[in-house]
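I opened this notebook to keep track of what I looked up, one topic at a time. The entries below follow the order in which I worked.

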Amino acid sequence: MTALHEPHAEDFQSLDELHALQDRKLQALGLRLAGSPEWCAHLAKAGVKPGDLRDRTSLAAMPTLEKADLRERYPFPMLTVPVEQVARFCATSGTTGLPVMFGFTRHDWEVTLVRQLARIYRTVNLRPGDRVYQGFGYGLWIGGPSMDAALSAYGAVNFPVGPGRADLVVRWLADHGYTVTTMSPLWLMTLIATAKNAGFDPARQWKLRLGVFGGQSVSATFRQEIEAQMPSGFMAHNNYGTTEAGGPILSISCPHSHAHDQMHLINEDSVLTEIVDPKTLQPVGPGEVGEVLITTLDKQASPVVRWRTRDLVRRADRPYACACGRKAFALIGRIIGRSDDMLKVRGVIVFPTQVEDVIAGMECLAKEAWQIYIDGDGASLDRIEVAVERLPSATMGTDALAAEVAARLRARLGLTVNVTCHVEGKLPRYEAKAARVIRRAATH
Ligand SMILES: [Zn+2]
């Protein structure tokens, strides 16, 4: 058997091979779902039954799956195996409502998930013996525990530090000689600032050569800013996944697509993705923006069929033309935002990531600390306010900086935005996913 870190022929399979495998696995999934009364009832609402799922073509007739479908089957929705066969549960973050529980059998956790993450590690050239500062959170969140399982099987040296403890880890980064980190990119930016304040020089004293960044999608400008302050050759990779898909396993950039800010849908042979128009659910073409739908092909417990992630992404103009030679794992841009993060301001669509792009492009601002404030509870807004922080090294004052940010936002969004500029350290920092949009209660 090929060791997890060695080159795998399956990573370079053809599109025809992938499609044949997806068809076989979809048919097997239909047979598995037939044993679940919950799945039969869910599919019956759309007038179909599990046996109708035979291949990729028939998938389009299946209903999508949404949070409301799972909530009404509390506490262990659509589990498909007896609870006794679940080795562990993970849960969604529960930022809106109760967390939803997803089960993993031993095979799901120790075989499927490990294979999926090992392919991600191979794609970014992680090596056995790499010292990994694992900075994703633990508990019911899938980030940290999934990395622990896969790093161990892969032969990496894991330091499961989790998020937080900045004062300690800026020292450990120098003393322990970590070569790889898995964490939120926002947190690494916070660590760089902490290290500099404590008298460390990350570019010289740290050994990091690779970052696998998840939990939060950041722009190419933000990643370049991180790379510029790291030891030379350090490469920051965007990694995307969800609990519903079975982990942080959906996509990763390769050393070639990294420069174009694109990721491969890297596990299409075990998690099938569709990218569709959120309104019509019709597939979008190359170069177009759509929502990611997920169907898990291998998961024994808690499979999903056409799960609506609400994450919006742009398909690459040439999805199968990466110089790395991967022919079956299509390229997508970074996650643009969630369809529920989308703001409508005086009729103009605004994504928080557009604001982030502007802030990341200004040297004199803290990249990890900024907020958008909105007022009231309506869906359509009259105005938004943006708060940023001035770095001590900036030559401009806070008022001049606020005016400059406002001018750039006007150019980018076509909107006049109120901007407040604070001194460094005033705005909240986030160890994982940032809450960028804060809705204030109506005051009048
Ligand atoms: Zn590639």
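**Entry 1, parallel strands.** I began with a single pairing in this predicted model: M183 has F213 in β6 as its bridge partner. Stepping back to the strands themselves, I found that β5 (residues 180-183) and β6 run parallel and are joined by four bridges. I then followed β6 to its pairing with strand β7 (residues 235-242), which is also in the parallel sense and also extends over four bridges; within it, G211 stands opposite A236 in β7. I next asked myself: are the faces of strand β6 covered or not? For β6 (residues 210-213) I noted that both are covered, since L210 and V212 on one side are buried, as are G211 and F213 on the other.

**Entry 2, the zinc site.** I looked up which protein atoms serve as donors of the zinc ion, and I listed C254 (SG), H264 (NE2), C322 (SG) and C324 (SG), at 2.1 to 2.3 Å from the ion. The angles among these four donor atoms are 105 to 119°, and the site is tetrahedral. For reference, I wrote down that the ideal angle for four tetrahedral donors is 109.5 degrees. Along the chain the donors follow the spacing C-x9-H-x57-C-x1-C. Within that pattern I marked the pair H264 and C322, which links distant parts of the chain: H264 belongs to strand β9 (residues 262-265), while C322 sits in the loop between β12 (307-315) and β13 (331-338), 58 residues away. I also checked the exposure of this pair, and both H264 and C322 are buried.

**Entry 3, a three-stranded sheet.** I turned to an open sheet of three strands, whose order I recorded as β15-β14-β17, with mixed pairing. Its edge strands are β15 (348-350) and β17 (380-381), each of which pairs on one side only. Strand β14 (residues 343-345) pairs with β15 in the antiparallel sense over three bridges, and I noted that K344 has I349 in β15 as its bridge partner.

**Entry 4, cavities.** How many cavities of 30 Å³ or more are there? I counted two. The largest cavity has a volume of about 80 Å³, and of the 13 residues that line it, those closest to its centre are T112, Q116, A245, G246 and K299. Helix α5 (residues 106-123) gives the largest share of this lining, four residues, and the lining of the largest cavity divides into five nonpolar, five polar and three charged residues. The second largest cavity, at about 30 Å³, is lined by R223, N238, S253, D261, Q262, M263 and R334; I sorted its lining into one nonpolar, three polar and three charged residues.

**Entry 5, the second largest pocket.** I closed with the second largest pocket, whose volume is about 570 Å³. It is lined by 25 residues, of which L272, T273, E274, I275 and P283 are the closest to its centre. I noted that the elements giving two or more residues to this lining are α1 (15-33), α3 (56-59) and β10 (271-276), and that β10 provides the largest share, five residues. By residue class, the lining of this second largest pocket comprises 15 nonpolar, five polar and five charged residues.

Note on methods
Residues are numbered from 1 along each chain as its sequence is written. This is a predicted model: local features need pLDDT of at least 70, side-chain atom pairs count only at pLDDT 80 or more; totals for chains, interfaces and linings use all residues. Side-chain values use heavy atoms; hydrogens and water are left out. On a 1 Å grid over the protein atoms alone, a cavity is a set of points where a 1.4 Å probe fits but cannot get out, and a pocket is an open set with protein on both sides within 12 Å along at least five of seven lines; lining residues have an atom within 4 Å of a point. Grid points are joined across faces, edges and corners, and a volume is the space filled by probe spheres set on the points. Ala, Val, Leu, Ile, Met, Phe, Trp, Tyr, Cys and Pro count as nonpolar, Asp, Glu, Lys and Arg as charged, and the others, Gly among them, as polar. Donors are N, O and S atoms within 2.8 Å of the metal (3.2 Å for Na, K and Ca); water is not among the atoms, so sites may look incomplete. Four donors count as tetrahedral if all angles lie between 85 and 135 degrees; four count as square planar and six as octahedral if opposite donors are over 155 degrees apart and all others between 65 and 115; anything else is irregular. Buried means under 20% relative accessible area, exposed over 50%, partly exposed in between (1.4 Å probe, protein chains only). Two strands pair if DSSP finds at least two bridges between them.
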